[in-house]
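Dear colleague,

Here is the structure you will be working with. My notes on what was found in it follow below.

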Amino acid sequence: MKKKGVALDLKEGLVYIYTLALGAIYVALLFYAIKKYGFDYSNIDFYLFFLFSLFFEFIPVRFQTFFENKFDEKYKEHDLYLSAGLIVSVLSAIHLNISNALIIPFLVFLVLRFNVLFSKNYYYFIFNVSSIGILVFLSYKVYNVFPNVVKNNLIFSSFVVALISIFYFVLNLSFVLSFLTLVYRRFSKDVIFKLIGEGRLTNLFSTSINTFIVYILYKFIGISAIPVSFFTVIGIQLGNYYATKYRQAKLDLLTALAKSLEEKDSYTFGHGENVAKISVAIAKELGMQDNELNLIEIAGLLHDVGKIGIPDFIVTKTGKLTRDEYEIMKEHPKKGYEILSQITEFKDTIAKWVLHHHERWDGKGYPEGISGEEIPLESRILMIADVYHALTSDRPYREAWSKEQAIGFIKDNAGIMFDPKIVNIFLKLIEGGSI
């Protein structure tokens, strides 16, 4: 136990070492710039850039709800910022004395995140300030590789700024990805998703392109181009905000419909939640990451949503279904797919998993009769969770099976109805009391 504790301390220490190394580089660059270029206190543009940077770092992040400032419950009191401040950072590196440009990130975060600086988690503050400061300095250096050509040729200078913006964007992602990998103590798809998933990558890339456009405006109308771009960014953020709200509203509506369907029949009440719980347990054992677990949980909750399109007299029938009624009932996976595929993000994930959650390993399931690994892994998980909970629940035409009977049925049908690998994991979880 002691060795494990030491290992964890060492891993956590890497976060501090990485952050303090960036901080040391930033401070060294700042002192170098001040010594070589001085510091211009009288430049009014310096104060304007400071104010612009405050606005870009503060307001747009608050507008964009899917752009999470807080990446984990464990670290929820600390903000790791990724914002539209790229625009001001690049332009300040081009327009201001580099010493003035370098001090702006420190002043901005001193105002915005003063409490973090003087907490035990000061390294969040240091990371944000240092990474931006280093990128500002590098932007300045790249822009001034050909100073005379850049200043006198608008087309060439615009091309250079476009490259700087993309360079800033990629390097910024690299800094944050490294930081998150150390914080989470692993490099995984989940860490990458938290950084660039749910539209964040597109939004950050569009911001880097926007910098190029703002630079063109800046060359024609001067520093007033920055507040103009600020309102453009707010417009983009508001668009993202309402698009996210709309997607969430559709999901909430589908969840409410699925619950209302269960409430019509006391025998299936809570079925979706239980299928979701079992499915997530199996998926977690398979090593799926958090974003995948979230999706399979939603799939479990909504796997029977297609029954909304099945006549009530069939869905709520207390006796055994006739052959014709059963054929109609078998349409519910297709109807579920049609409903869920209306949400773009679900079309190739949840919708397909729901479509195939009644397929059998031997190919005798429905609606398409596919078999084996042709069936999406998530559908195979949903099927075993669905069958187990259905068997151990009361139905109008039979009493609930005992846990042992249901386990026996699943064992007997491994390689027939169910994926044998999923059956083994399911049995392991059952024996361990996780299900």
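Subject of these notes: Arg380 and its surroundings

Setting aside neighbours within four places in sequence, Arg380 is in contact with Trp361, Gly372, Glu373, Ile375, Asp419 and Ile422. Please keep in mind that this is a predicted model. Arg380 is found in helix α18. Is Arg380 buried or exposed? Arg380 is buried, because its relative accessible area is 12% and the limit for buried is under 20%.

Met417 shares some of this neighbourhood. Among the contacts of Met417, again without neighbours within four places in sequence, is Trp361, which also appears in the list for Arg380. The other contacts of Met417 are Glu359, Arg360, Met383, Val387 and Phe409. Met417 lies in the loop between α19 and α20 (420-432). With a relative accessible area of 14%, Met417 is buried. Gly372, a contact of Arg380, is 45 residues from Met417 in sequence, and the two C-alpha atoms are 9.5 Å apart in space.

The helix pair α18 and α19

Helix α18, which holds Arg380, packs against helix α19 (residues 403-412): the axes come within 9 Å and cross at roughly 145°. The crossing is right-handed. Which residues meet there? From α18 they are Ile384, Val387, Tyr388 and Leu391, and from α19 they are Lys403, Ala406, Ile407, Phe409 and Ile410. By type, the residues of this contact divide into eight nonpolar, no polar and one charged. Two of the residues named here, Val387 and Phe409, are also contacts of Met417.

The loop before α18

A cis peptide bond joins Tyr366 and Pro367, with omega about 15°. For comparison, most peptide bonds are trans. Pro367 is found in the loop between α17 and α18.

Aromatic rings

How many aromatic pairs does a search of the whole structure find? The search finds 19. One of them is formed by Phe39 and Phe46, edge-to-face, at 5.5 Å centre to centre with 80° between the planes. The pair counts as edge-to-face because its 80° between the planes is over the cut-off of 60 degrees. The two partners are covered to unlike degrees: Phe39 is partly exposed, with a relative accessible area of 25%, whereas Phe46 is buried, at 5%.

Tyr326 and Tyr366 form another edge-to-face pair, with 6.4 Å centre to centre and 85° between the planes. This pair links distant parts of the chain, 40 residues apart: Tyr326 is in helix α15 (residues 323-329), and Tyr366 is in the loop between α17 (350-355) and α18 (377-391). Tyr326 is partly exposed, with a relative accessible area of 39%. Tyr366 counts as buried at 12% relative accessibility, and Tyr366 is also the residue joined to Pro367 by the cis bond.

There is also an aromatic cluster, formed by Tyr16, Tyr18, Tyr122, Tyr123, Tyr124, Phe127 and Phe179.

Two leucines with partners far along the chain

Leu180 is in helix α8 (residues 154-184). Leu180 is buried, with a relative accessible area of 3%. The C-alpha atoms of Leu180 and Val15 are separated by 8.9 Å, although the two residues are 165 residues apart along the chain.

Leu48 has its place in helix α2 (residues 44-63). At 29% relative accessibility, Leu48 counts as partly exposed. Leu48 and Ser224 are 176 residues apart in sequence and 9.9 Å apart in space, C-alpha to C-alpha.

The protein as a whole

The protein has 20 helices and zero strands. Of its 435 residues, 48% are buried. Among contacts with a separation of 6 or more, 70% are between residues 24 or more positions apart. The accessible surface of the protein comes to about 21400 Å², and 62% of that belongs to carbon and sulfur atoms.

Regards

Technical notes
Residues are numbered from 1 along each chain as its sequence is written. This is a predicted model: local features need pLDDT of at least 70, side-chain atom pairs count only at pLDDT 80 or more; totals for chains, interfaces and linings use all residues. Side-chain values use heavy atoms; hydrogens and water are left out. Helices (H or I, at least four residues) and strands (E, at least two) are DSSP runs, numbered from the N terminus. Buried means under 20% relative accessible area, exposed over 50%, partly exposed in between (1.4 Å probe, protein chains only). Contact means heavy atoms within 4.5 Å. Accessible areas come from the Shrake-Rupley method with a 1.4 Å probe; for residues, only the protein chains shown count as cover. Rings of Phe, Tyr and Trp (its six-membered ring) pair if their centres lie within 6.5 Å; planes under 30 degrees apart count as stacked, over 60 as edge-to-face and the rest as tilted. Axes are lines fitted to C-alpha atoms, for helices over the stretch in contact, and angles run from 0 to 180 degrees between N-to-C directions. A crossing is left-handed if the near helix is turned anticlockwise from the far one by less than a right angle, and right-handed if clockwise. Ala, Val, Leu, Ile, Met, Phe, Trp, Tyr, Cys and Pro count as nonpolar, Asp, Glu, Lys and Arg as charged, and the others, Gly among them, as polar.
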